[in-house]
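I am opening a notebook on a structure that is new to me, and I will write down what I looked up in the order in which I looked it up.

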Amino acid sequence: MRLCRYNDNRLGLVEGDRIADVTAALDAIPQSSWPLPPGDLLIRHLDAVRARVKEVGPGAERTPTAGVRFLSPVANPTKVIGIPVNYQLHIDEAMEDKGLSAGNRILKIEQAGPFLKACSALVGPSEGVALRFADRRNDHEVELAAIIGKTADRVPKEGALDHIAAYAIGLDMTVRGSEDRSVRKSIDSYAVLGPWMVTADGIADPDNLDLEIRVNGETRQKSNTRNMIFSVARLIEFCSAFYTLHPGDVIMTGTPEGVGPVEAGDVMHCFVERVGSMDVPVRNA
C-alpha cells in the first residue's frame with residue numbers, strides 16, 4: 001500500500017497516477033492528550049489506519065498525482081537518522097575528492113556510527129531544498145529510507161525488519177565544511193522524504209533495490225542497495241544499540257558513489273525501485 005501526505009495534510013492512497021483521498025481513515029487513530037506518546041501517531045497506528053483505508057477507499061474522491069503538493073509521509077518522527085559511508089565506492093570517492101571530505105577524517109561505518117539530522121530539516125519533495133549557504137558546496141545524496149513501525153531497543157538483526165512500517169525515498173542533503181555532520185546536514189529542508197511511503201509488505205527485499213538520482217536530466221548516482229556495507233536489518237541493530245527507535249523514526253540508509261553539488265534552479269529526480277520517483281527543486285533560502 002502506498003500512502004502519502006499531500007496538500008493541506010490530506011492522507012492519500014496512491015493508485016497509479018491517481019490519489020484517493022482517504023483522510024477519513026485517520027479516525028482510526030485514538031485520541032491522545034498531553035504528553036503525547038513518543039513517535040508519529042499515524043505510524044504508531046498504521047495497521048488500524050490501513051484497515052480503515054480499505055473501508056473508505058472505494059468511495060473516496062480521486063485526483064491526479066500531477067500537480068499534487070507532496071509533503072513528507074511522516075509528520076512527527078522523534079529522530080531522523082543518517083548513516084555515513086555505507087557504500088564502499090562512496091568511501092573511495094570521499095578519500096579521493098577533498099571537496100567531499102573537506103579535510104574531515106573518513107572512518108569506517110563501525111567507527112563513525114550513525115548521526116542525527118534535526119527533525120526540523122524534514123520536508124516533502126514538493127517543498128524542495130532551500131540552500132542556506134549558497135556560497136559553499138551543497139551536495140545531493142539519494143538513499144533508501146526505512147520508517148520504523150514499532151519500538152526498537154537493542155534489537156538483533158535477526159527479525160529486525162519486523163520493526164519496519166514502510167519505506168520511502170530519502171534525500172540526505174549536506175553542506176560541505178568542517179562542522180559536525182549533524183550540523184551540516186540539519187539545515188531546514190536538508191532531509192527530503194517521499195513522495196509517499198510503501199508499506200513494508202510491498203518490498204520483500206530492501207537489500208536489492210536499484211536507486212538513482214538525475215540532476216537536470218544528468219545521471220549522478222546509480223547503484224543498488226545490495227552494495228550497502230550494512231544491510232537494512234544490520235542498520236536497525238546498529239542504531240537501536242545507541243538509542244531507542246520509536247514509530248515514525250526514519251533511517252536514511254546511506255548513499256552510493258556519485259554525490260555532487262547542486263545550485264538554485266536545479267531539479268533533482270530521485271528514484272528507488274518499488275518505491276517510485278520524485279522531483280525535488282532547489283532554490284536559495
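Before I turn to the strands, I note that two strands are taken to pair if DSSP finds at least two bridges between them. I also keep in mind that this is a predicted model.

**Entry: strand β1 and its partners**

I began at the start of the chain, with strand β1 (residues 2-6), and asked which strands it is bridged to. I found that two bridges join β1 to strand β14 (residues 191-199), and that these two run antiparallel; within this pairing, Arg2 stands opposite Val198. I then found β1 joined to strand β2 (residues 10-15) by four bridges, again in the antiparallel sense, with Arg10 of β2 as the bridge partner of Tyr6. A further two bridges tie β1 to strand β5 (residues 70-71), also antiparallel, and here Arg5 faces Leu71.

**Entry: the turn between β1 and β2**

I next looked at how the chain gets from β1 to β2, and I saw that the two form a hairpin with three residues between them. Which residues of this loop have a positive phi without being glycine? Asn7 has a phi of about 50° although it is not a glycine, and Asn9, likewise not a glycine, has a positive phi of about 65°. Both sit in the loop between β1 and β2, as I checked for Asn7 and for Asn9. I also looked up their exposure: Asn7 has a relative accessible area of 37%, so it counts as partly exposed, and Asn9, at 46% relative accessibility, is partly exposed as well.

**Entry: cis peptide bonds**

I then went looking for cis peptide bonds, and I noted one that joins Trp34 and Pro35, with omega at about -5°. Pro35 belongs to the loop between β3 (18-21) and α1 (41-44). Another cis peptide bond joins Gly194 and Pro195, where omega is about -10°; Pro195 lies in strand β14, which I had already met as a partner of β1.

**Entry: a three-stranded sheet**

I turned to an open sheet made of three strands in the order β13-β10-β18, with antiparallel pairing. Which strands stand at its edges? They are β13 (174-175) and β18 (260-261), each of which has a single partner strand, so one side of each is left without a neighbour in the sheet. I followed the pairing of β10 (residues 138-140) with β18, which is antiparallel and runs over two bridges, and I found Asp139 opposite Pro261 of β18.

**Entry: Ser223**

I picked out Ser223, which is placed in strand β16 (residues 218-224), and asked whether it is buried or exposed. Its relative accessible area is 11%, and because buried means under 20%, Ser223 counts as buried. Its side chain makes a polar contact of 3.0 Å with the side chain of Asn227. Beyond its neighbours within four places in sequence, Ser223 is in contact with Tyr87, Leu209, Asp210, Leu211 and Pro256.

**Entry: the nonpolar cores**

As background, I wrote down that in soluble globular proteins nonpolar side chains tend to be buried together. Here the largest nonpolar core has 56 residues, of which Leu171, Ile236 and Met268 touch the most other members, and its largest share, six residues, comes from helix α7 (residues 232-240). I listed the contacts of Leu171 outside its neighbours within four places in sequence, and among them are His140, Val142, Tyr190, Ile213, Met252, Met268 and Val280. A second, separate core holds 28 residues, including Ile29, Leu42, Ile147 and Val250.

**Entry: the whole chain**

Last, I stepped back to the protein chain as a whole, which has seven helices and 20 strands. Its radius of gyration is 18 Å, close to the 19 Å that the globule rule gives for 285 residues, so the chain is as compact as a globular protein of that length. Its C-alpha atoms fill a box of roughly 55 × 40 × 35 Å along the principal axes. I noted that 53% of the 285 residues count as buried, and that, of the contacts with a separation of 6 or more, 77% are between residues 24 or more positions apart. The accessible surface comes to about 12200 Å², and carbon and sulfur atoms account for 48% of that.

Key. Residues are numbered from 1 along each chain as its sequence is written. This is a predicted model: local features need pLDDT of at least 70, side-chain atom pairs count only at pLDDT 80 or more; totals for chains, interfaces and linings use all residues. Side-chain values use heavy atoms; hydrogens and water are left out. Buried means under 20% relative accessible area, exposed over 50%, partly exposed in between (1.4 Å probe, protein chains only). A polar contact is a pair of N or O atoms within 3.5 Å; within protein, one must be able to donate a hydrogen and the other to accept it, and residues adjacent in sequence count only if both atoms are side-chain atoms. Contact means heavy atoms within 4.5 Å. The radius of gyration is taken over C-alpha atoms; the globule rule is 2.2 Å times the number of residues to the power 0.38. Accessible areas come from the Shrake-Rupley method with a 1.4 Å probe; for residues, only the protein chains shown count as cover. A nonpolar core is a set of buried Ala, Val, Leu, Ile, Met, Phe, Trp, Tyr and Cys residues joined through side-chain atoms within 4.5 Å.
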